[in-house]
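Colleague: I am new to this structure and would love a close look at a single part, the surroundings of the ligand. Please walk me through it slowly, and then tell me a little about what lies beyond it.

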Amino acid sequence: MRGTEREAILAEIRDIVRKSASRDEKLRDICELLRKRVDHYDWVGFYLVEGDETLVLGPFSGEPTVHVRIKFGEGICGQAAALKKPFLVQDVSRENNYLSCSPLVKSELVVPIFKGEVLVGELDIDSHKLAPFNDEDLKFLQDVCKIVSDALF
Ligand code: SME
């Protein structure tokens with residue numbers, strides 16, 4: 001993905017968070033935009049922190065998943081939440097602590113969303129490609145999470 005395309009998507013996300021709609025509608029629009037515009041993003045969703053140790057599935061774009069509640073520490077999402085750090089798995093077949101949503105998924109990147117120091121949610125990206133993610137994806141998705149955190153949490 002080119003830098004100009006990343007900037008264009010970020011500008012569209014800034015427009016989405018400004019429009020008059022509920023938080024869930026805005027989060028869903030962001031998921032749909034990311035999935036449509038980035039080839040290797042095949043499932044895009046938000047998980048929101050509930051209580052001390054649980055992630056609950058929020059708006060998403062892609063196939064429905066059975067993993068609607070995930071405990072901290074479980075799977076890639078739960079590990080990212082426990083560590084409070086991005087978690088990148090370029091080949092999910094090599095990750096033992098993994099919750100499969102679809103046999104088509106080959107890689108996954110989870111980026112935490114913070115409000116100040118507090119973890120409030122995550123942005124989860126699944127890809128049907130092997131090892132498609134690079135440092136620019138991470139930086140780009142951290143920018144997305146910052147916009148979302150500033151505007152919607
Ligand atoms: N694969 C994730 C579960 C969520 S789905 O990707 C939508 C995990 O291992 O935490």
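**A close look around the ligand**

Modeller: Let's start with a backbone N or O atom of I76, which lies 2.9 Å from an oxygen atom of the ligand. That is a polar contact, meaning a pair of N or O atoms within 3.5 Å. Please keep in mind that this is a predicted model, in which local features need pLDDT of at least 70 and side-chain atom pairs count only at pLDDT 80 or more, while totals for chains, interfaces and linings use all residues. Residues are numbered from 1 along each chain as its sequence is written, and side-chain values use heavy atoms, with hydrogens and water left out.

Side chains join in as well. E108 places a polar side-chain atom 2.8 Å from a nitrogen atom of the ligand, and D124 has a side-chain N or O atom 3.4 Å from one of the ligand's oxygen atoms. On its own the ligand has 310 Å² of accessible area, and the protein covers 100% of it (Shrake-Rupley method, 1.4 Å probe).

Now step back to the whole shell, the residues with a heavy atom within 4 Å of the ligand. W43, Y47, G75, I76, C77, Y98, L99, C101, E108, D124 and D126 surround the ligand. By class, seven of the shell residues are nonpolar, one is polar and three are charged; here Ala, Val, Leu, Ile, Met, Phe, Trp, Tyr, Cys and Pro count as nonpolar, Asp, Glu, Lys and Arg as charged, and the others, Gly among them, as polar.

And where is the ligand housed? It sits in the largest cavity. The elements that give two or more residues to the shell are β1 (43–50), α3 (75–83) and β6 (118–127), named from DSSP runs of at least four residues for helices and at least two for strands. A cavity is a set of points on a 1 Å grid over the protein atoms alone where a 1.4 Å probe fits but cannot get out, and a molecule sits in it if more than half of its atoms lie within 2 Å of its grid points.

Helix α3 deserves a longer visit: with three residues, α3 gives the most to the shell. G75 belongs to this helix and counts as buried because its relative accessibility is 0%. The cut-offs are under 20% for buried, over 50% for exposed and in between for partly exposed. G75 is 37 residues from V38 in sequence, and their C-alpha atoms are 24 Å apart in space. Q79 is also placed in α3, and its relative accessible area of 16% is why Q79 is buried. The C-alpha atoms of Q79 and Y98 are separated by 9.3 Å, with their positions 19 residues apart along the chain; Y98 is one of the residues that surround the ligand.

Moving on from α3, you reach K84 in the loop between α3 and β4 (87–89). K84 has a positive phi of about 55° although it is not a glycine, and its relative accessible area of 38% makes K84 partly exposed. The loop between β6 and α4 (135–152) holds A131, another non-glycine residue with a positive phi, about 50°. A131 counts as partly exposed, at 46% relative accessibility.

Last comes L34, in helix α2 (residues 23–37). L34 is buried, with a relative accessible area of 0%, and its C-alpha atom is 9.8 Å from that of G45, eleven residues away along the chain.

Key. A polar contact is a pair of N or O atoms within 3.5 Å; within protein, one must be able to donate a hydrogen and the other to accept it, and residues adjacent in sequence count only if both atoms are side-chain atoms. On a 1 Å grid over the protein atoms alone, a cavity is a set of points where a 1.4 Å probe fits but cannot get out, and a pocket is an open set with protein on both sides within 12 Å along at least five of seven lines; lining residues have an atom within 4 Å of a point. Buried means under 20% relative accessible area, exposed over 50%, partly exposed in between (1.4 Å probe, protein chains only).
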